[in-house]
Amino acid sequence: MADPMRIRAVARDGVVNVRVLMSHEMETGQRKDASGKLVPAHFIRNVTATHQGKTVLTALWGPAVAKNPYLEFEFKGGQKGEKIIVTWEDNKGDKRSDEGVIN
Amino acid sequence: MNHSRRKAIQSGGGLIAMLLAAGVISPGEALAQSDPFTMKTLAEAMRAVGGPNQTVSDAIIIKAPAIAENGAVVPVGVESKLPGTELIALFVEKNPQPLVGSFGIPSGTVGNVSTRVKMGQTSDVYALVKADGRFYVAKKEIKITLGGCGG
């Protein structure tokens, strides 16, 4: 299981700004290791963020998203103290879900 | 070109041709199976995500540095001021696979996302936005002084 995500969510003027830092290698599948063998691709494919049971963002990624991916987005209608749940799944089927509280 | 790579390409193409000839898969199926992330050119990837017609729009703002020192981590944000924005997709023209990723924007979510991408070399970056069922596009060049594919 990968390391936990860091999720920051701040509500201002009715808009919640969410910043997520995930911990993932994001291997492209084009790089070679020291012995010249291709390192197999390993990257996050799907990201979903939900707030109070409603999906507020989905993302579909390829291997060109940088290592330890950063994601920032904004949505309307969140209140202080409410939770945001972010889930990702990579191309090997690994999953991770974490939650953050809106400040 | 690297010899083993050429061989792999030949055999890969050969396999598809063989399956087509044997009637195992129809050309339509072969097309449907290819996902936009595997497309090798910008035009193909864009067509796979956003259809053949896209309007250039200045209501899409790509927030990124003009010059990035490290191609492995290039901060790129896309802000769409188009009403009814439902999808934002990001492409780097000169990457081996131009499509970086796409973001689904449900109603209530602002058309404003940021992430960090890898870029192999200086390239135009395109943002494709679907708003109200139509596709719009904007681009910006980002210069890279150090490539991002070496890891």
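**View 1. Strand 5 of chain A meets strand 7 of chain B in this predicted model.** Here we're looking at the spot where the two chains join up strand to strand. Strand 5 of chain A and residues 112-117 of chain B, which make up strand 7, run antiparallel and pair over two bridges. Look for A:Leu71 sitting opposite B:Thr115, and for A:Glu72 facing B:Ser114. Both of those chain B partners, B:Thr115 and B:Ser114, belong to strand 7.

**View 2. A six-strand sheet takes in strands from chain A and chain B.** Walk across it and you pass strands 1, 2 and 5 of chain A, then strands 7, 4 and 2 of chain B. The sheet is open, and its pairing is antiparallel. At the edges you'll find strand 1 (6-12) of chain A and strand 2 (60-63) of chain B, each with a partner on one side only. From one strand to the next, the twist averages 15 degrees.

**View 3. One salt bridge spans the interface of chain A and chain B.** The pair to pick out is A:Arg45 with B:Asp35. Their closest N and O atoms lie 3.8 Å apart. Polar contacts also link the two chains: the count is 14 residue pairs, both residues being at pLDDT 80 or more.

**View 4. Strands of chain A help build the side that touches chain B.** Strand 2 (15-21), strand 4 (54-61) and strand 5 (70-76) of chain A each put in at least two residues. Strand 4 of chain A gives the most, with eight residues. As for the make-up of this side of chain A, 16 residues are nonpolar, six are polar and eight are charged.

**View 5. Chain A and chain B bury about 2,200 Å² between them.** Carbon and sulfur atoms account for 50% of that area. On the chain A side, A:Ala64, A:Tyr70 and A:Glu74 lose the most area to chain B. Taken together, those three make up 22% of what the chain A side buries. In terms of contacts, 30 residues of chain A touch 29 residues of chain B.

Terms used:
Residues numbered from 1 in each chain as written. Chains lettered and ligands numbered in written order. Predicted model: local features only at pLDDT ≥ 70, side-chain atom pairs only at ≥ 80, totals over all residues. Heavy atoms only, no water. Contact = heavy atoms within 4.5 Å. Buried area = accessible area lost by both parts, 1.4 Å probe. Salt bridge = Lys/Arg side-chain N within 4 Å of Asp/Glu carboxyl O. Polar contact = N/O pair within 3.5 Å; in protein donor to acceptor, adjacent residues only side chain to side chain. Helix = DSSP H or I, 4+ residues; strand = E, 2+ residues; numbered from the N terminus. Nonpolar A, V, L, I, M, F, W, Y, C, P; charged D, E, K, R; others polar. Pairing = 2+ DSSP bridges. Axes fitted to C-alpha atoms, helices over the stretch in contact; angles between N-to-C directions.
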